[in-house]
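Please open the model in your viewer, with a cartoon for the backbone and sticks ready for the side chains. The tour below goes from single loop residues to the sheet, one selection at a time.

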Amino acid sequence: MKSFMEIAFSEAKLAFLKDEVPVGALIADRKGQIFAKTRNKNRELNDPTAHAEILAIRKTCKELKSNKLFGYSIYVTLQPCEMCLHAILNARISRLYYGASDLENTSLQKVYNTISKNKKFNIEIYSGINEKKCSDLLINFFRTKRIKS
């Protein structure tokens, strides 16, 4: 059986093939039931907010008829941006697992440091899941973009 991060990675590969930034996301409950798996669709939907995380949250909330996802986990191939992180926090998702880190974005790292130190935010964050594989896909995507330019 594929791990949740492997399924999210499969979604990221689909994004790559669709010429979207290759990020995939998956939301599952405590029992391991998957409620959403998706990928970035910014270009496909002409929507700058159509990040994999946002789409997964929307789909899960709609299915559950709730705007809160207590006890749920989200798996993402890239460290969520600030917009997605705040959506994750507002949805009250309990656990965030991500692959590649966005180490160049120092303001994002400050946000993550603040959240990890603040007991008000009730979220567990796990990084570096299949990090090399997730990073390599992103590197290859942007390398291909530079070659085409």
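Partly exposed here stands for a relative accessible area between the two cut-offs, under 20% being buried and over 50% being exposed. The model is a predicted one, and the first selection is asparagine 130, which sits in the loop between strand S5 (124-126) and helix H6 (131-148). Its relative accessibility is 33%, so asparagine 130 falls into the partly exposed class. Its phi is positive, about 50 degrees, although the residue is not a glycine. Most residues other than glycine have a negative phi.

Select lysine 65 next, in the loop that links helix H3 (52-64) to strand S3 (73-78). Lysine 65, again not a glycine, has a positive phi of about 55 degrees, and with a relative accessible area of 76% it is exposed.

Now move to serine 94, in the loop between helix H4 (82-90) and strand S4 (95-100). Is serine 94 buried or exposed? Serine 94 is buried, because its relative accessibility of 16% is under the 20% limit. Leaving aside residues up to four places away in sequence, its contacts include Phe70, Tyr72 and Ile123.

Finally, colour the five strands, which form an open sheet of mixed pairing in the order S2-S1-S3-S4-S5. Strand S2 (34-39) and S5 are the edges, each pairing on one side only. S1 (residues 24-28) runs antiparallel to S2 and is joined to it by five bridges; within this pair, isoleucine 27 stands opposite alanine 36 of S2. Helix H3 packs on the sheet, where it touches S1, S2 and S3, and its direction makes about 150 degrees with that of S2.

How values were computed. Residues are numbered from 1 along each chain as its sequence is written. This is a predicted model: local features need pLDDT of at least 70, side-chain atom pairs count only at pLDDT 80 or more; totals for chains, interfaces and linings use all residues. Side-chain values use heavy atoms; hydrogens and water are left out. Helices (H or I, at least four residues) and strands (E, at least two) are DSSP runs, numbered from the N terminus. Buried means under 20% relative accessible area, exposed over 50%, partly exposed in between (1.4 Å probe, protein chains only). Contact means heavy atoms within 4.5 Å. Two strands pair if DSSP finds at least two bridges between them. Axes are lines fitted to C-alpha atoms, for helices over the stretch in contact, and angles run from 0 to 180 degrees between N-to-C directions.
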